[in-house]
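This report describes the fold, core and confidence of one protein model. Please consult the sequence and structure shown below while reading.

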Amino acid sequence: MIRFLSLLILILSFVPAVPAESREVKKKPPTKVTSSNYFVKKEEKNFSLLMEARRFGRGEVIFLRLTPKDKKWINESYKVSWLGKDVILTKWEKSMVAFLPISPDTPAGAMTLEIVSKIFFVKRGQKQYQIILEPTKFQVIKKNQQIKVDEKFVTKELPKETLDFIQECKTAKEAAFSKQSRLQFNGNFKNPLEKIFITSKFYVRRDYNNKQGRPHGGVDFRGKTGTPVYAIQDGVVVLARKAYYEGNFTIVDHGNKIFSFYMHQDEIKVKVGDVVKQGQEIGTIGSTGMSTGPHLHLGAKVNDVLVDPLSLIALQSIPESN
Ligand SMILES: [Zn+2]
């Protein structure tokens, strides 16, 4: 459900870099965005801002749309930084859009979004928004529910050729995730399967064969072997191959450092370089790699941060491609 929140106490300190009549620059403390905001709209003097997130919590992604108001300043440029890091802005009609990831490992507290506008090289305005994170607890699977996988996936004593293969898979994966291309989108993200049944949530920590596992880097969906898997958004295939842990593994680059990835497939139906459309069949459900039964593991990375892919799929305000 989309909630338009009027209650929301968004934000900011606006410090005009070029004070008009008044020489007195008032520095207000940043206004807080509370955790109950899911859909935030804010009218500022120079621009309007829209922020949408399933929740403002760890492992979520925030969609941002910034629309400048002032028509006379055609040379006005905007810079957005999130947690001190510059964000890639993509023009869309009269707006700019961006995706802001919240790392699942982020400590509780406030996160800062800063928007700076410039005309040529002169700073015109600066706003800071503080977003208060909602507490998020990721599940830990109890010992008696732990997963038993083939020992070859948990032991450290592996033959050299296997270790070399694991290393080669890792290098190929890193190369795919380091790609940077133009944002490709066509409306909201879609589910990767026709029928959705989640068997393991994002960042759940499971123990494998009595050894503490790493948090779950995606979402698992139940499905029969051979069930079609669909691309969740338009993009380009940057990896499509067999990998040691991931099995038949596909990574789709959606641009702006946004990737979705699909693991343990039975069959891969695309190859590197293929342009895929949202909803296009790219493979089928299987149980290849480190897997205990047929399922789809769907993952998402935004700006080098692993996020819950369902937080992308939940977004409702992504525009159609232009
Ligand atoms: Zn999984």
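How many helices and strands are there in the protein? The protein has two helices and 24 strands.

## Overall composition and confidence

The model is predicted. Its mean pLDDT is 84, and 81% of the residues reach 70 or more. Confidence falls below 50 over residues 1-26, a stretch that nevertheless has 51 contacts in the model beyond near neighbours in sequence. Residues 31-37 also stay under 50 in pLDDT, and here the model has 26 contacts beyond four places in sequence. Where pLDDT is low, the predicted coordinates should not be read in detail.

Of the 322 residues in the protein, 34% are buried. Among contacts between residues at least 6 apart in sequence, 66% join residues at least 24 apart.

## A five-stranded open sheet

One open sheet is formed by five strands in the order β3-β4-β5-β9-β8, with antiparallel pairing. Its edge strands, β3 (39-43) and β8 (90-92), each pair on one side only. On average, and with direction ignored, neighbouring strands of this sheet are turned by 20° against each other. Strands of a sheet pair through backbone hydrogen bonds, either parallel or antiparallel.

Within the sheet, strand β4 (residues 47-52) runs antiparallel to strand β5 (residues 61-68), and six bridges join the two. One residue taking part is M51, whose bridge partner in β5 is L64.

## The largest nonpolar core

L64 also belongs to the largest nonpolar core, which has 57 residues; V61, L64 and L100 touch the most other members. Because domain 1 (13-132) and domain 2 (143-313) both give residues to this core, the core lies between them.

Which residues does L100 contact, leaving aside its neighbours within four places in sequence? The contacts of L100 are V61, I62, L64, W82 and V87. V61 and L64 thus appear both in this list and among the residues that touch the most other core members. In soluble globular proteins, nonpolar side chains tend to be buried together.

## A loop valine

V272 lies in the loop between β20 (267-268) and β21 (275-276). Is V272 buried, exposed or partly exposed, and why? V272 counts as partly exposed because it has 14 C-beta neighbours inside 10 Å, whereas a buried residue needs 20 or more.

Leaving aside neighbours within four places in sequence, V272 is in contact with V237, V238, L239 and A240. V238 is 34 residues away from V272 along the chain, yet their C-alpha atoms are separated by 5.1 Å.

Key. Residues numbered from 1 in each chain as written. Predicted model: local features only at pLDDT ≥ 70, side-chain atom pairs only at ≥ 80, totals over all residues. Core = buried A, V, L, I, M, F, W, Y, C linked by C-beta atoms within 7 Å. Buried ≥ 20, exposed ≤ 12 C-beta atoms within 10 Å, placed from the backbone. Domains from an automatic or database assignment. Contact = placed C-beta atoms within 7 Å. Pairing = 2+ DSSP bridges. Helix = DSSP H or I, 4+ residues; strand = E, 2+ residues; numbered from the N terminus. Axes fitted to C-alpha atoms, helices over the stretch in contact; angles between N-to-C directions. pLDDT = per-residue confidence, 0-100.
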